[in-house]
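Biologist: Please give me a close look at the aromatic side chains of this model and at whatever surrounds them. Where charged side chains matter to the picture, please carry the account on to them.

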Amino acid sequence: MLADRLPLPGAIPRDETAYDRATCETAIEIRRSFAFTQYSIQVTCPITQCSWTVETRCSAFFAFRTTLDEFIERCVDGSVQLIAQTLLRAPLPTKLVLDKYGASTMRKRGKILKKYTWLALDCRSLCYLYPTASRTTDHAELMELLDSFLQVPVSLRDIRFHEATEAQMQDTCAICTYEYVREEFNALGKVVQLPCGHCFHRDCVGEWLFAHNTCPMCRDETDRIMGLYAPSC
């Protein structure tokens, strides 16, 4: 069963190499005589392997945590509460006036914000790995909050999972033209299907979807990705 292969909260798989390579750049922005630090944090979705940059400010993290606190108060789904509480308890840097710290402090704050951002990405992935039939309205609301906070590209905002047919498992990737092997359907999201029906290896189509919101074969617009998995697993 798909549910048996879902990671538990606190044990979410992460590509540590991608995390180490990801940068967190800082810059001083001035708007209407008001100065603040702008953070550019690189992230990589562990499901699609697509990367993008989150352009944000430290104040956005505190605002997001306040929103999470309000969400938890009305949330009735225990599993969703657990995910949200993981982020609520995660540390954030102390609020400081800009002229009270220098470049060294900015880098330290950037490391904390990068760690928090990637934790939010892990929590988002955990939400998306729940079977569609098991999702509640609380799931949907938390996923929407995380997508907005992480500035997820529109083409990557709806990821679902579905049992692959025997014909799909015997098909070939339309990009690399290699035949699929059954083991690939035992790994969530290794083989994906677009709304038009075309299937690809996630790694093959990921780069295309990051830059386009269409299928690389038929050019039909796509607003979601469906991961395929073996029905006997």
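Modeller: Tyr19 has a relative accessible area of 15% and therefore counts as buried, since the limit for that class is under 20%. The model is a predicted one. Lys114 is placed over the face of the Tyr19 ring, 4.4 Å from the ring centre.

Tyr19 also takes part in ring pairing. Across the whole structure, a search finds six aromatic pairs. In one of them, the ring centres of Tyr19 and Trp118 are 5.3 Å apart and the planes stand at 85°, so this pair is edge-to-face. The pair joins distant parts of the chain, as Tyr19 belongs to helix H1 (residues 16-21) and Trp118 to helix H4, 99 residues apart. Trp118 is buried, with a relative accessible area of 2%.

A further edge-to-face pair consists of Phe61 and Phe149, whose ring centres are 5.2 Å apart and whose planes stand at 85°. This pair again links distant parts of the chain, with Phe61 in helix H2 (residues 58-74) and Phe149 in helix H5, 88 residues apart. Phe61 and Phe149 are each buried. They belong to one aromatic cluster, which is formed by Phe61, Phe64, Tyr116 and Phe149.

From the rings, the account passes to the charged side chains. The structure holds four salt bridges. One of them brings together the side chains of Asp147 and Arg124, at 2.6 Å from N to O. Asp147 is part of helix H5 (residues 137-149) and Arg124 of helix H4 (residues 103-128), so this bridge ties together parts that are 23 residues apart in sequence. Its two partners are buried: Asp147 has a relative accessible area of 5%, and Arg124 is at 0%.

Another salt bridge joins Lys190 and Asp203, at 3.9 Å from N to O. Lys190 sits in the loop between H6 and S5, whereas Asp203 is in helix H7 (residues 202-211), so the bridge ties together parts that are 13 residues apart in sequence. Lys190 is partly exposed at 29% relative accessible area, and Asp203 counts as partly exposed at 47%. Asp203 also meets Arg202 in a salt bridge, at 3.4 Å from N to O. Arg202 is buried, with a relative accessible area of 13%. Lys190, Arg202 and Asp203 are thus linked in a network of salt bridges.

Glu184 presents a contrasting case. This residue lies in the loop between helix H6 (166-169) and strand S5 (191-193). Glu184 is buried yet has no salt bridge, and the nearest side chain of opposite charge, that of Lys190, is 5.6 Å away. Because a salt bridge requires a separation within 4 Å, the distance of 5.6 Å between Glu184 and Lys190 does not qualify. What the side chain of Glu184 does make is a polar contact with the side chain of His201, at 3.0 Å. Leaving aside residues up to four places away in sequence, Glu184 touches Glu179, Lys190, Val191 and His201. Lys190 therefore appears twice in this account: as a residue touched by Glu184, and as the salt-bridge partner of Asp203.

Key. Residues are numbered from 1 along each chain as its sequence is written. This is a predicted model: local features need pLDDT of at least 70, side-chain atom pairs count only at pLDDT 80 or more; totals for chains, interfaces and linings use all residues. Side-chain values use heavy atoms; hydrogens and water are left out. Helices (H or I, at least four residues) and strands (E, at least two) are DSSP runs, numbered from the N terminus. Buried means under 20% relative accessible area, exposed over 50%, partly exposed in between (1.4 Å probe, protein chains only). Lys and Arg count as positive and Asp and Glu as negative; His and the chain ends are not counted. A polar contact is a pair of N or O atoms within 3.5 Å; within protein, one must be able to donate a hydrogen and the other to accept it, and residues adjacent in sequence count only if both atoms are side-chain atoms. Contact means heavy atoms within 4.5 Å. Rings of Phe, Tyr and Trp (its six-membered ring) pair if their centres lie within 6.5 Å; planes under 30 degrees apart count as stacked, over 60 as edge-to-face and the rest as tilted. A charge sits over a ring if NZ of Lys or CZ of Arg is within 6 Å of the ring centre and within 35 degrees of the ring normal.
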